[in-house]
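Visitor: I am new to this structure and would like to be walked through it slowly, one question at a time. Could we have it in view before we begin?

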Amino acid sequence: IECVKSGDAPARAAAAAALDRHLNLLPDGDARAVTLSGEVLDAFPAAGDAGKRAILNLIPAVLKRAAGAHARRCRAVVAEALRMPDPGAQLAAARLAIHPEVRLRAELKPLLTSPEPQLRGAALFAVAVGGDGEPALGDEELFRWLHDPDPTVQKVCRDALVSRDRSEGEIALGRRLTHPDATERLK
């Protein structure tokens, strides 16, 4: 765990892989998995950015093997990682935010304005596609992402609208309604 937290890149990668493999070999809810998962989560606050990313990558195994014993702590770690300045950590946290035991979809909304297109796309997917409840973005809010400079983000937006049973005509009207050019909006 110390190597994951503050080791050099090769040692951190090897230690994280070993921890992941070890956790995944333990049965769900095993006392050793619960203890080890707790120790991994304890290391998060003192870890550097690279160590925090490595710990975030271990969270799926922690959630699975600790059988919900650390769900609240995992949620807190993911919430903290969403606020980190490191785009890699934010992306890892965005992917974890949709986990059924983490449920932080709504907290991804600030990432929609990120300069990183991959991060915007992940956040848009998470907030636009409904999880347990209603999606965090309504159709009218979603239409503006049809004009994102990144084509991947535009595709995520269009796919989300299609998954909501919006027709091509409705999507085209929404695109015009939110177009940056006023003459297009008038049309």
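Visitor: Which residues of α9 are buried?

Guide: This is a predicted model in which local features need pLDDT of at least 70 and side-chain atom pairs count only at pLDDT 80 or more, while totals for chains, interfaces and linings use all residues. Residues are numbered from 1 along each chain as its sequence is written, and side-chain values use heavy atoms, with hydrogens and water left out. Helices (DSSP runs of H or I, at least four residues) and strands (runs of E, at least two) are numbered from the N terminus, and a residue is called buried under 20% relative accessible area, exposed over 50% and partly exposed in between, with a 1.4 Å probe and protein chains only. By that rule, the buried residues of α9 are V153, C157, A160 and L161.

Visitor: Why do they lie on the same side of α9?

Guide: An α-helix has 3.6 residues a turn, so residues three or four places apart point the same way. The arc is taken from the directions that run from the helix axis to the C-beta atoms. The buried residues are on the same side of α9 because the arc they cover around the axis is only 100°.

Visitor: Which residues are exposed on the other side of α9, and what do the buried ones pack against?

Guide: The buried residues of α9 pack against α7 (117-128), α8 (139-143) and α10 (168-177), where a contact means heavy atoms within 4.5 Å. On the other side of α9, the exposed residues are P151, T152 and K155.

Visitor: Which residue caps the N-terminal end of α9?

Guide: The cap is a polar contact, that is, a pair of N or O atoms within 3.5 Å; within protein, one must be able to donate a hydrogen and the other to accept it, and residues adjacent in sequence count only if both atoms are side-chain atoms. Here a side-chain oxygen lies 3.1 Å from the backbone nitrogen of T152, and the residue that provides this oxygen is D150.

Visitor: At what angle do α7 and α9 pack?

Guide: Two packed helices are described by the angle between their axes and the distance between the axes. Axes are lines fitted to C-alpha atoms, for helices over the stretch in contact, and angles run from 0 to 180 degrees between N-to-C directions. In this pair, P117, R120, G121, L124, F125 and A128 of α7 meet V153, V156, C157 and A160 of α9. The axes are 9 Å apart, and the angle is about 10°.

Visitor: What is the phi of D165, and where does this residue lie?

Guide: Most residues other than glycine have a negative phi, and most peptide bonds are trans. D165 lies in the loop between α9 and α10, and is exposed, with a relative accessible area of 67%. Its phi is positive, near 65°.

Visitor: What is the phi of R103?

Guide: R103 is found in the loop between α6 (87-96) and α7, and counts as partly exposed, at 49% relative accessibility. This residue is not a glycine, yet its phi is positive, near 50°.

Visitor: How many helices has the protein, and what share of its residues counts as buried?

Guide: The protein has 11 helices and zero strands, and its C-alpha atoms fill a box of roughly 65 × 30 × 20 Å along the principal axes. Of its 187 residues, the share that counts as buried is 42%.
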